[in-house]
Amino acid sequence: MSVTKSARSPQVATTVKLDLVSVPESAKKVQSQDPSPVNGSSSESSKKTKGITGFQTLIHLVKGNMGTGILGLPLAVKNAGILMGPLSLLVMGLIACHCMHILVRCAQRFCHRLNKPFMDYGDTVMHGLASCPNAWLQNHAHWGRHVVSFFLIITQLGFCCVYIVFLADNLKQVVEAVNSTTISCHKNETVVLTSTMDSRLYMLAFLPVLGLLVFIRNLRVLTIFSLLANISMLVSLVIIAQYIIQGIPDPSQLPLVASWKTYPLFFGTAIFSFESIGVVLPLENKMKDARRFPAILSLGMSIITSLYIAIGALGYLRFGEDIKASITLNLPNCWLYQSVKLLYVVGILCTYALQFYVPAEIIIPLAVSQVSKRWALPVDLSIRLAMVCLTCMLAILIPRLDLVLSLVGSVSSSALALIIPPLLEVTTYYEEGMSLLTITKDALISILGFMGFVVGTYQALDELIKSGNSLPVSNSTMFIQ
């Protein structure tokens, strides 16, 4: 799913992001050349006077990670164990934060070396390959940008697939329980849901709405949707948090360490949630005093990791083995908590168009450049509609929210967050001399990311094949309070 003004650059791959006001501005950098040193100096001085403060940077960084990924963490903790899950989240948070610092240092090094005011993820990887001692990599350095853009497209379209499944699951549950929804949230009663249409039909029902949303190309209009999404998700998350801390049962029956077979599913969902590495460079570039950014980044990731551990562990403790793919599906059948699902539905609908903009800005200009101006608009709209249909079709083929989260996280998020940054550090600093300890550390992190990529992808696909064409359990949830 990312986050602030310019936070969703084409090099972002992050869990669902809340504030993507200037996604397209950053996305266009994929298509443009690096600014010249002369223009860069003027731009840099302007940003110093008009940049964002440290507190604003912290807020943008934290709220950028509050999407659908955090709602799937309680199930992720179940797949790892009540002890192993939080400990693994802590370790992954530390590694993710370290990789972000690596990316920042490498980008700063190339900015100083090449006299550039700003360098995004793709540019940094490209220059990193160009500076490595291997001649073949130097000659093919431009592929570094293409690789980052490729994984970005996969990640962003994966986010969109997650959104469609999430929308269908939550709206289906609200509709099925509407006849028995009460005002009181404290009655002890069993709610039997009235069966309605297949969840995949709900996905198709959202298709016309999503198609109209992605036709919006005006950034000012998208800013309004971004603000609405932020408010909806923030209110929903506060309501969810106050509910799960009430009445936590005895946790002694929960396993400390779950089966190793389900741990790869935990990895995919967790790294999906932590994937916001593309946010750091645009945020650093927007700060008035970029020297403070490393400290703010560490503080922000500490808050994010603590929140993830709290929501994941408390959610699993609260609902135990009955935890669903999204914790919203476990909420009571009263209008307060049904409204949470509806608020998240509104927020995700608004965010879909923002997440969709990044791959659209990478793909569409390439296609439009091949036709005359007369056909530019029809081609633009046709590609947008085709991409929306593609995400809807993929969601219908994989209608399990937990597997979609894990698959997207394992396939693309692990590459952008864990595999590439350590390798980038080696290519950037190798000729200047690196200690054996640093090289070993970078190799271990990349190997960890690659293992998560392979095993997590295999496990998610294996679970998908085993489930066959059956509907996910979350699509027919019964809540017992």
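**Helices and core: a short tour**

Hi everyone, let's start with two helices, α9 and α17, that are roughly antiparallel to each other, because the angle between them is over 145 degrees. Please keep in mind that this is a predicted model.

When two helices pack, we describe them by the angle between their axes and the distance between those axes. For α9 and helix α17, which covers residues 401-429, the angle is about 155° and the axes lie 9 Å apart. Their crossing is left-handed. If you want to find the contact on your screen, the α9 side includes V147, F151, G158, C161 and F166. Across from them, α17 brings residues including L401, V408, A415 and I420.

Now for the core. Which residues touch the most other members of the largest nonpolar core? They are Y344 and Y352, in a core of 125 residues. Helix α9, residues 142-176, gives the largest share of this core, with 15 residues. Let's look around Y344. Setting aside neighbours within four places in sequence, Y344 is in contact with G67, L71, F166, M233, S236, L237, I240 and T328. You may recognise F166 from α9's contact with α17.

Next, a short helix: α5, residues 73-80. How many of its residues are buried? The count is 7 of 8, so α5 is mostly covered, buried meaning under 20% relative accessible area. Those buried residues are L73, P74, L75, A76, V77, N79 and A80. What do they pack against? Their partners are α4 (68-71), α6 (84-114), α12 (263-274), α14 and, once again, α17. Just after α5 comes G81, which has a positive phi, near 115°.

One of those partners, α14, spans residues 293-319 and holds T305. Is T305 buried or exposed? T305 counts as buried because its relative accessibility is 6%. Leaving out residues up to four places away in sequence, T305 touches L89, L90, G93 and F274.

Last stop, the cysteines. A disulfide is a covalent bond between the sulfur atoms of two cysteines. How many disulfides does this model have? With sulfur atoms needing to be within 2.5 Å, the count is 0. As for where two of the cysteines sit, C111 is buried, at 13% relative accessible area, and C132 is buried as well, at 2%.

That's my tour, so thanks for listening!

Definitions and conventions
Residues numbered from 1 in each chain as written. Predicted model: local features only at pLDDT ≥ 70, side-chain atom pairs only at ≥ 80, totals over all residues. Heavy atoms only, no water. Buried < 20%, exposed > 50% of the residue type's maximum accessible area, 1.4 Å probe, protein only. Core = buried A, V, L, I, M, F, W, Y, C linked by side-chain atoms within 4.5 Å. Helix = DSSP H or I, 4+ residues; strand = E, 2+ residues; numbered from the N terminus. Contact = heavy atoms within 4.5 Å. Axes fitted to C-alpha atoms, helices over the stretch in contact; angles between N-to-C directions. Parallel < 35°, antiparallel > 145°, perpendicular 65-115°, else oblique. Left-handed = near helix turned anticlockwise from the far one by under 90°.
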